[in-house]
Structures are given as structure tokens and as C-alpha cells.
Amino acid sequence: MANDIKDIAHAVEAASVMGLFASPPRMLTLGEPTHGVDAPLRLRNALFRQLVEEEGYRTIAVESDCVAGLLVDDYVTTGSGALDDVLERGFSHGLGASAASRELVRWMRAFNAGRPACDQVRFAGFDGPLEMAWAASPRETLTALHRTLADHVDPGLIPCTPETLDRLLGPDGRWTDPAAMLDPSASFGRSAEAGELRLLADDLGALLHAWTPHLITVTSRDAFDRALLQARAASGLLRYHYWMADSSSSRLARLTGLRDQMMADNLLALAERGPVLVHAHNSHLQRDISSMRMGGRRLEWWSAGAIVNSRLGEAYGFLATAFGTMRHQGVDVPPPDTLEGALYAFPAGPCLVDASELAAAVAATDPVRRASPYFGYAPLDPAHLARIDGVVFIRDVPED
């Protein structure tokens, strides 16, 4: 078995990744099986640099707040802001505290220095303005969208005034109360004000689309794309808040699906920009239906990757990452009858294996899915290999 794996294992480099595909994918996604460790992020950084320098990729998208990510993009393209502040406010989910995130942002800024805008690398968050325990107020996105339209469109076409938005939005705390994640009655999402705001967000978004030619001419394509992002985020947040107030048994499954739907919409918009590398949890990028246990229930939903794959087809590529050990979290040497166990028998650094070749190499042993003692680590499911392009394996993950 070890010899078989050795024969099909390659270094995680742009050339070996591109060798998995008949043509370079417009959207190459790289998953990770857990959050909170820098090893897969450093590998991502190195791969992105190679993709930029050798394959012409110019955008990286990460599982972070899409609105906050605009601060990072401004920094890497223009130098606007201070690095520490950009890391603190431009990332969600604690990613800004990662040394690997700092390394990525600094490299992108250095690469862009002196380059024309058309040749610069770009940063994007593609998650909604959400955390596990709360969802943001739609204030920032709605007011930014309204401001763009008010600055460039006939005032008579604007469906409301800024004062009306401010009155309906009220204090941000009514939207961000963490109690609402577990208690639907604590959510503001089905109030009369929230209902009015959903209609206004729809009208503002429709007006933005209707005036596309004019807005691109008087601003720029980049500014217009940002307005589209604000419109998507505003409507997505209001929809999410509405379903946070749902008391049915399908509530959590719907919320997980809505989050990935927001992710998918952002990824499809980024795909129009050109080749993009996407990094997120495997469960957000896989082609198979995703699942998890939450609140005592098994939840199932279609991931952002599955949705985008259904639209992009062969232009979508998925590399899943698996770990051997993560001893600081109690994840020890994997059993030999698992995919991770077969890969662990090859004593080398990070490697890339064609998923179809890996499936053939382990077919005789009929591997089982590994059980993880750590809830935050999701082992690779052998049943998914047929719908994965490549497996990235990191043998031993240290504590950062």
C-alpha cells in the first residue's frame, strides 16, 4: 500500500495541481478539515503565490465576511489603512489573528506595489456577514447601497430616504442579539420593520441592476461590483434574520443552507473576474451534500461548492485536505483501514494525490471513514472520492 501511495503522491505545487485537470479551472477550491491551525493556511499561501506567478490567477477568496473583506482588498491594492487594523477588522471568524493571514496580506501588498490595477492580485471574503452565534445588522450594507444609488440616480426613483432606513433599522443590538441563534422569539427578523426592509432591499437591488450601464460609466466596474456585493449581502442578511425567527424543526437546516447560498452567490460573482483560488472548510466546497449535527439533529444542506459546481461544471475544481495527526487536539495516528491511514504510511511532507488514483490504490481494502475524537476535525469520507479532484494530505499538524 505504501508503495502505491508513494507512486501517486506529488508535491503540492501549481504544476501538479493543474495536471489534475484537462484545462485550468476558473475556480479552484482548496478545502480544509478544521479551522484554527495555520498549517493548511501556509500551504494555501504558497500555492496561491505559485498560481499567481505561473498560472495567471489573480484573486484569492477565503471563508470570511465578504463586506469586511473589502478593507483587505483596499489595503492590498492601494495600501489604504494600517496592516494591524486591516487584519483586525477585515477578517471574521478570528482569521485576522492568524500569522498565515498576516503573511498572505503582506505578500499581496508587496506583489501589487507598482503594478497596474489590471495586473494586481485581489482579496475577497465570500462568507456572509455572519458568525456562528449571530448575524450582523443589515445597516452597513443597506446604507452603502442606498448611498451609491442616491449619488448617481434620479432621486425620484429611490424608494426611500436615508431617514426611513435609519428608523426601520433602529439600534443594531436588536439584530445582533446572540440569544436569537437558539431562541427564535429573540430574533427581530419577522418584525414589521424587518418586513419593510426586505421589500426596500429588493427594490434597491432591482434599481441597481436597472441602472447598470449608467452606474458603471459614472463610477467604475469595480465600484459597481462592490455595490452588487452590498445588495447581495443586504438581502441575504434580511432573509437570514427572517428565518432565525422561525420556530419549526427545519430552522437550523435552513439557516446552514442560506449561509452557503450567500457564499455561492459571492463565488459566482468572483468567477466572472477571472481565475480564483478559494479556501474554506471542505464542507463548504464539496460536491456532495453536506451534513453536521447541531442542536441534537443531523442537518443536511447543499454547500456553496455544490451549488457553484452545478453552474460552472468543469470550470470548478475541488481539492479536499486531510490530516494525519493533530495531537494537540487528541487526533493521533490514523487507523490503517482509513484513507488517512493509507496516506500516513507514506512518510513525507504535504502531498497531493489524484482522488481517482487514490480510490484505485485503496479499493482492495475498502477503507472506512475515520472517527475523530475532536469534534472540530472532519475526516475525509471515502464515499466522496469520486467527486473530488485531488486530495491534499498534511501528515502531522502542529499546534501554532
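**Exercise 1. Find the residue that stands opposite Leu 28 in S8, then place strand S2 among its neighbours.**

Solution.
Step 1. In S8, the residue opposite Leu 28 is Gly 317. The model used throughout is a predicted one.
Step 2. S2 and strand S8 (residues 316-325) run parallel and are joined by four bridges.
Step 3. Leu 28 also stands opposite Leu 277, which belongs to S5. S2 and strand S5 (residues 276-281) are parallel too, with six bridges joining them.
Step 4. S2 therefore has S8 and S5 as its neighbours, as the sheet order S1-S9-S10-S8-S2-S5-S3-S4 shows.

**Exercise 2. Decide whether the two faces of S2 are covered or open.**

Solution.
Step 1. Side chains in a regular strand alternate between the two faces of the sheet.
Step 2. On one side of S2 are Met 27, Thr 29 and Gly 31, and all are buried.
Step 3. On the other side are Leu 28, Leu 30 and Glu 32, and these are all buried as well.
Step 4. Both faces are covered. The count for the strand agrees: six of the six residues of S2 (residues 27-32) are buried.

**Exercise 3. Describe the sheet as a whole and name its edge strands.**

Solution.
Step 1. Strands of a sheet pair through backbone hydrogen bonds, in either a parallel or an antiparallel sense.
Step 2. Eight strands make up this sheet, which is open and has mixed pairing.
Step 3. The edges are strand S1 (9-10) and strand S4 (122-127), each of which pairs on one side only.
Step 4. Both senses can be seen at S10: S8 and S10 run parallel over six bridges, while strand S9 (residues 351-354) and S10 run antiparallel over four bridges.
Step 5. To locate these pairings in the structure, use Thr 321 opposite Val 392 and Asp 354, whose bridge partner in S10 is Gly 390.
Step 6. Strand S10 (residues 390-396) is largely enclosed by the rest of the structure, because five of its seven residues are buried.

**Exercise 4. Work out the surroundings of Thr 325.**

Solution.
Step 1. Thr 325 is part of strand S8 and stands opposite Asp 396 in S10.
Step 2. The relative accessible area of Thr 325 is 1%, so this residue is buried; the limit for that class is under 20%.
Step 3. Leaving out residues up to four places away in sequence, Thr 325 touches Val 331, Asp 332, Val 333, Tyr 344, Arg 395, Asp 396 and Val 397. Asp 396 is thus both a contact and the residue opposite in S10.
Step 4. Glu 340 is 15 residues away from Thr 325 along the chain, and their C-alpha atoms are 9.2 Å apart.

**Exercise 5. Classify Cys 118 and Cys 351 as buried or exposed, and give the number of disulfides.**

Solution.
Step 1. Cys 118 has a relative accessibility of 73% and so counts as exposed, the cut-off being over 50%.
Step 2. Cys 351 has a relative accessible area of 3% and is therefore buried.
Step 3. A disulfide needs two cysteine sulfur atoms within 2.5 Å. By this rule there are zero disulfides.

**Exercise 6. Compare the linings of the largest cavity and the second largest pocket.**

Solution.
Step 1. Rolling a probe the size of a water molecule over the atoms shows where empty space is left.
Step 2. There is one cavity of 30 Å³ or more, and the volume of the largest cavity is about 40 Å³.
Step 3. The lining of this cavity consists of Arg 44, Val 62, Phe 91, Leu 95, Ser 101, Leu 104 and Phe 123. By class, five are nonpolar, one is polar and one is charged.
Step 4. The second largest pocket holds about 980 Å³ of space. Its lining has 43 residues, and Asp 225, Leu 228, Leu 229, Arg 232 and Ala 269 lie nearest the centre.
Step 5. This pocket lining divides into 18 nonpolar, twelve polar and 13 charged residues.
Step 6. Among the elements that each supply at least two lining residues are S4, helix H10 (192-210) and helix H13 (251-271). H12 gives the most, with 13 residues.

**Exercise 7. Identify the residue with positive phi in the hairpin of S6 and S7.**

Solution.
Step 1. Strand S6 (residues 290-294) pairs with strand S7 (residues 297-301) in the antiparallel sense, over five bridges. Ser 290 stands opposite Trp 301.
Step 2. Two residues lie between the strands of this hairpin, where Gly 295 takes a positive phi near 60°.

Terms used: Residues numbered from 1 in each chain as written. Predicted model: local features only at pLDDT ≥ 70, side-chain atom pairs only at ≥ 80, totals over all residues. Heavy atoms only, no water. 1 Å grid on protein atoms, 1.4 Å probe; cavity = no way out; pocket = protein on both sides within 12 Å on 5 of 7 lines; lining within 4 Å. Points joined across faces, edges and corners; volume = space filled by probe spheres on them. Nonpolar A, V, L, I, M, F, W, Y, C, P; charged D, E, K, R; others polar. Buried < 20%, exposed > 50% of the residue type's maximum accessible area, 1.4 Å probe, protein only. Contact = heavy atoms within 4.5 Å.
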